[in-house]
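Here are some short exercises to work through with the model open in your viewer. Try each one yourself before reading the solution.

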Amino acid sequence: MRDRGLIINNVADNSIADELRLQPLDMILQINGQEITDILDYQYLTADENLQVLVQKCTGEHWLLEIEKDYDENLGLEFQDDGWGPTRQCGNKCIFCFVDQMPGQMRSSLYIKDDDYRLSFAQGNFITLTNVGPSELRRIAQMRLSPLYISVHTTNPALRRQMMGNPRAEQVMDQLRYLAEANIQMHTQVVLCPGINDGPELNRTISDLGELWPAVCSLAVVPVGLTGCRDGLFRLRSFNAQEAGEVVQEVQRWQKVFMAEYQYPLVFASDEFYLLAGVPIPLAENYGGFPQTENGVGLVRLFMDEWHQLSRGLPGRTEYPMHYSLVTGTLARPVLEPVVAELNRIAGLQMDLHVMENKYFGKTVTVAGLLTGQDLLEGLAGRNLGERLFIPGVMLREGDHVFLDDITLDELAGRLEIKVSPVDDLGELVRLMGLYP
């Protein structure tokens, strides 16, 4: 496996690299005497104005190029694999790993367990730091790879080792302190498992991470996700409504502590805890700028506030009769039912809400984003869906119209014999319905 050098994939016309006659399949080996392992090295080292670049031509010949350029001037190169090379894989055996609970015969990319600190910086992926040694920590500090997104789960060394099945998991607090001293910002998360890392252990974790403020700048507490494919795996269960309410109360207690000390709430319970407990979603001012919406923290509040604004401009009636359908998972039922009820007060409009139970992963999986095409085909077959079906865009693979089970949007539309439109927000929904210009 190649672990040094970047292979050129494209050279921009009239760029510095083009003038130097570099071409695809040439390899950048060193810059200013330092070996290049990935795009981070390349970007960091090419920030200098004076460069010595060692290139291995596709013919095998070596060139040493002297380059003078402006500080912010790009050489004009693109690399194979976007310059990342092989992705660092996860070496943990977490008792709650979602990948281990996936049904078989899905596309191979869904079974990849990445744990790459570079992708945490570049894409916001959560990492565990168990495969990050002293040299990688120094590299993170030197290159200012900030912010990072880190799965902590617990700060109790023995418990973290047990939960993650990796002896290196015990080092997390030392690693976090090192990164904090290097002024690396960290967004952290706890996947909470009832009876394991909740209660006093959660309090310990929140307290320990709170001491690293402002380097640790957010902590999301999310419930463990369990599918119906757990044969032979560690015995875990989901939170019930009472337990979810207790988690919310504990998080809100800590938020008051941190607000008094730091003027920032720091720790946040995911939306799922509030919905499961049946307690009100906090106001936007309690979300500290929404640092972890990708982790399901605050999305419901943003949704509710967006609808509050949109609903003010809804018409009293439609120009002609309309009949639409909207589909979601069981978790979002209490959020979407008031929206649909308000839409149905518009004369001439009928909007039907179809709440789908997840058959593919199991009924314990309640989020809309994990519903598959087969779930929709089975759940909606034979129903009068009207003239158009709206689905949350998160059901589809990013940048593509394909569900998790590889059923395409066109296939779903064809088999249901209806036009299907993915929507990413309420504004898009009401525009596509023709309620807004």
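**Exercise 1.** Is Glu-170 buried, partly exposed or exposed?

*Solution.* Start with the ground rules. This is a predicted model, where local features need pLDDT of at least 70 and side-chain atom pairs count only at pLDDT 80 or more, while totals for chains, interfaces and linings use all residues. Residues are numbered from 1 along each chain as its sequence is written, and side-chain values use heavy atoms, with hydrogens and water left out.

Next, the cut-offs: buried means under 20% relative accessible area, exposed means over 50%, and partly exposed is in between (1.4 Å probe, protein chains only). Glu-170 has 34% relative accessibility, so it counts as partly exposed.

Now look at its partner. The side chain of Glu-170 meets that of Arg-161 in a salt bridge at 3.3 Å, N to O; the term asks for a side-chain nitrogen of Lys or Arg within 4 Å of a carboxyl oxygen of Asp or Glu. Arg-161 is partly exposed too, because its relative accessible area is 40%.

**Exercise 2.** Take stock of the whole chain: its elements, its box and its burial.

*Solution.* Count the elements first: the chain has 14 helices and 15 strands. These are DSSP runs, numbered from the N terminus, with helices being H or I of at least four residues and strands E of at least two.

Then the extent: along the principal axes, the C-alpha atoms fill a box of roughly 75 × 55 × 45 Å. Of the 437 residues, 50% are buried.

Finish with contacts, meaning heavy atoms within 4.5 Å. Among those with a separation of 6 or more, 69% come from residues 24 or more positions apart.

**Exercise 3.** Which residues of α4 are buried, and what covers them?

*Solution.* Walk along the helix, residues 134–143. The buried ones are Glu-136, Leu-137, Arg-139, Ile-140, Ala-141 and Met-143. Their cover includes α2 (39–45), α3, β8 and α6.

Now pick out Glu-136, which is buried because its relative accessible area is 16%. Its side chain forms a salt bridge with Arg-88 at 2.8 Å, N to O. That pair ties together distant parts of the chain: Arg-88 sits in the loop between β6 and α3, Glu-136 in helix α4, and they are 48 residues apart. With a relative accessible area of 27%, Arg-88 is partly exposed.

Arg-139 has salt-bridge company as well, in a network with Asp-38, Asp-41, Asp-116 and Arg-118. A search of the whole structure turns up 17 salt bridges.

**Exercise 4.** Do the same for α7: which residues are buried, and what do they pack against?

*Solution.* In α7 (residues 200–210), the buried set is Leu-202, Thr-205, Ile-206, Asp-208, Leu-209 and Gly-210. They pack against α6 (172–181), β9 (186–192), β10, α8 and β11 (267–269).

One member, Asp-208, joins Arg-204 in a salt bridge at 3.7 Å, N to O. Both lie in α7, four residues apart, about one turn of the helix. Asp-208 is buried, at 17% relative accessible area, whereas Arg-204 is partly exposed, at 35%.

**Exercise 5.** Hunt for unusual backbone geometry.

*Solution.* First, the baseline: most residues other than glycine have a negative phi, and most peptide bonds are trans.

Check omega. The bond from Ser-146 to Pro-147 is cis, with omega near 5 degrees, and Pro-147 lies in the loop between α4 and β8 (148–151). The bond from Trp-213 to Pro-214 is also cis, again with omega near 5 degrees; Pro-214 is in the loop between α7 and β10.

Then check phi:

- Asp-81 has a positive phi of about 60 degrees, lies in the loop between β6 and α3 (117–123), and is exposed at 52% relative accessible area.
- Gln-263 has a phi near 60 degrees, lies in the loop between α8 and β11, and is exposed at 57%.
- Arg-144, just after α4, takes a positive phi of about 55 degrees.

**Exercise 6.** Where is Arg-235, and how far is its C-alpha atom from that of Phe-96?

*Solution.* Arg-235 is in the loop between β10 (216–223) and α8 (241–262). Its C-alpha atom is separated from that of Phe-96 by 9.3 Å, although the two are 139 residues apart along the chain. Arg-235 is exposed, with a relative accessible area of 80%.
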